[in-house]
Amino acid sequence: ITTLINHKDKPKKSERTLAAIHRVGQAVSVAVGRFVAVGEAIAAENQELKDEMGQACFEARRAGDAIAQLTDVGSALPSQSDGRVTVFSDRTGMVKAARLLLSSVTKVLVLADRIVIKQIITSRNKVLVTLDHLERVSTFQEFVQIFSQFGNEMVEFAHLTGDRQNDLKDEKKKARMAAARAVLEKCTMMLLTASKTCLRHPDCESARINKDAVFHRMRCALEQVIEIVTEARSCGENKILPASIYNGIKDFKSSVECLRENLHSLSPQSVGSQLEALVERTEDFTDSAYTSHEQRQAILSLCQLARQDTQQLMHAWVEAQSVHAKEATEDMEVAILKTCQSVSDLRRELHKVAVGRASDLLKVHGEQLPLRALKAAGAEGNLEAVAEYSRTLTEQKEQLVETCRLLCHVSGTEPLEITCIHAEETFHVIGPQ
């Protein structure tokens with residue numbers, strides 16, 4: 001379409017140009033035909049949108065035919081003077097047909113999207129009804145019968161939401177959808193065990209709490225999926241992510257660099273406060289029991305260096321203002337560069353610590369030894385060993401939760417931050433279970 005609209009508007013064209021215009025026009029017409037065929041098939045399966053979709057498809061087909069006609073070499077007239085063919089002189093008609101085509105195609109896409117969203121909502125509603133039945137069963141036999149139906153419904157929901165996740169263009173929504181689907185997958189597996197335990201031990205308080213936690217987490221995840229696909233504004237998308245050190249450093253550097261153009265863009269106190277808030281967040285690293293003495297000292301030294309460089313900057317800044325300088329002085333420029341460098345060094349050190357911690361944890365716990373030992377001790381009925389391995393596992397969980405928090409600080413992108421927060425929540429919830 002862009003080619004047809006933008007072509008050089010000469011009334012007489014060579015045979016080669018004519019053939020190219022004809023080819024493009026026919027290609028557009030064929031593509032519209034294929035597209036409309038899919039739209040009409042969707043309309044036939046969805047009665048409530050049949051008329052709207054039918055109208056949009058009719059308009060798209062009409063526009064496609066108009067473009068084919070305007071570029072048809074067969075209908076071109078030979079020029080009387082030199083025998084060359086005049087074709088496609090109706091530029092206004094082409095622009096009109098292109099606009100109609102684009103608006104009708106967009107309408108078809110929007111209607112098709114509404115149908116997909118409706119399918120996901122309908123599928124979620126079916127899952128919720130069956131989930132309520134599963135929660136209220138009184139015998140394990142009854143649970144198994146309903147659970148097989150629930151399994152089929154969850155498979156359908158997983159397919160629909162997986163396709164939707166692939167179609168999403170917003171990386172934040174994609175990350176949130178992946179997190180919600182991961183929760184549903186994990187909880188579907190845990191649902192069977194949690195319910196079975198509760199039915200076999202109806203008087204056991206911890207079994208009931210565990211089962212309730214699984215059902216609650218599933219409902220929250222189902223709700224999050226619907227919020228993402230319907231773009232509900234009440235959802236966690238608008239939930240402010242925890243203040244990460246990466247973003248704090250980025251904002252701080254931006255504030256400092258702005259002083260080059262405008263000495264009065266902000267006050268020295270606000271820059272000082274910004275740095276202190278940043279340093280305060282590094283306590284997640286320095287206060288951790290798992291941070292080595294050397295790492296802690298390195299972080300504290302870099303924080304102190306950043307404070308000194310910022311103080312130097314403030315001093316140069318006040319001096320520049322006192323002589324009514326219009327832009328940053330040479331001393332200020334040097335101080336700006338040093339301040340930005342020191343906070344960048346701090347970020348690099350924090351990144352090294354967080355990634356190193358994650359790497360070490362994966363090496364140490366890669367074989368899941370406490371988990372296996374806990375399972376074996378439970379099967380043997382060895383209560384002392386169960387209590388011991390439970391403590392070990394709880395400590396491991398605390399390490400994982402803390403590591404996720406540190407990784408969130410150095411992630412650098414919102415989708416990665418969302419993934420880290422999801423991992424932290426998952427370890428936090430699944431640990432006690």
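A salt bridge here pairs a side-chain nitrogen of Lys or Arg with a carboxyl oxygen of Asp or Glu within 4 Å. Glu-276 and Arg-307 fit that bill, their side chains meeting at 2.9 Å, N to O. The two residues come from distant parts of the chain, with Glu-276 sitting in helix H9 and Arg-307 in helix H11 (residues 293-322), 31 residues apart. Neither end is tucked away: Glu-276 is partly exposed at 36% relative accessibility, and Arg-307 is partly exposed too, at 28%. All of this comes from a predicted model, so what follows should be read with that in mind.

Across the structure, the count of salt bridges comes to 20. Another of them joins Glu-414 to Lys-172, where the closest N and O atoms are 3.3 Å apart. Glu-414 belongs to helix H15 (residues 414-430) and Lys-172 to helix H6 (residues 171-200), so this contact ties together parts that are 242 residues apart in sequence. As for solvent, Glu-414 has a relative accessible area of 37%, which makes it partly exposed. Lys-172 is also partly exposed, with a value of 24%.

Then there is Arg-260, whose side chain meets that of Glu-333 in a salt bridge of 2.9 Å, N to O. Here one partner is outside any helix: Arg-260 lies in the loop between helix H8 (245-258) and helix H9 (268-281), while Glu-333 is in helix H12 (residues 330-365), so the pair ties together parts that are 73 residues apart in sequence. Both are partly exposed, Arg-260 with a relative accessible area of 24% and Glu-333 with one of 27%. Salt bridges also go beyond simple pairs, as Asp-132, Glu-135 and Arg-219 are linked in a network.

Turning to open space, the largest pocket has a volume of about 1600 Å³. It is lined by 37 residues, and the ones closest to its centre are Leu-371, Leu-393, Ile-430, Gly-431 and Gln-433. Several helices chip in: H6, helix H7 (205-230), H12, helix H13 (369-380), helix H14 (383-410) and H15 each supply at least two residues of the lining. H14 gives the most, with 7 residues. Sorted by class, the lining has 19 nonpolar residues, 15 polar ones and 3 charged ones. Some of these helices have already come up, since H6 and H15 are the pair joined by Lys-172 and Glu-414, and H12 is home to Glu-333.

What about the cysteines? A search of the whole structure turns up 0 disulfides. For Cys-198, the closest cysteine sulfur is that of Cys-204, and at 7.7 Å the two are too far apart for a bond. A disulfide would need the sulfur atoms within 2.5 Å. Cys-198 is buried, with 12% relative accessibility. Cys-303 is in no disulfide either, as its nearest cysteine sulfur, in Cys-340, is 16 Å away. Cys-303 is buried as well, with a relative accessible area of 2%.

Note on methods: Residues are numbered from 1 along each chain as its sequence is written. This is a predicted model: local features need pLDDT of at least 70, side-chain atom pairs count only at pLDDT 80 or more; totals for chains, interfaces and linings use all residues. Side-chain values use heavy atoms; hydrogens and water are left out. Helices (H or I, at least four residues) and strands (E, at least two) are DSSP runs, numbered from the N terminus. Buried means under 20% relative accessible area, exposed over 50%, partly exposed in between (1.4 Å probe, protein chains only). On a 1 Å grid over the protein atoms alone, a cavity is a set of points where a 1.4 Å probe fits but cannot get out, and a pocket is an open set with protein on both sides within 12 Å along at least five of seven lines; lining residues have an atom within 4 Å of a point. Grid points are joined across faces, edges and corners, and a volume is the space filled by probe spheres set on the points. Ala, Val, Leu, Ile, Met, Phe, Trp, Tyr, Cys and Pro count as nonpolar, Asp, Glu, Lys and Arg as charged, and the others, Gly among them, as polar.
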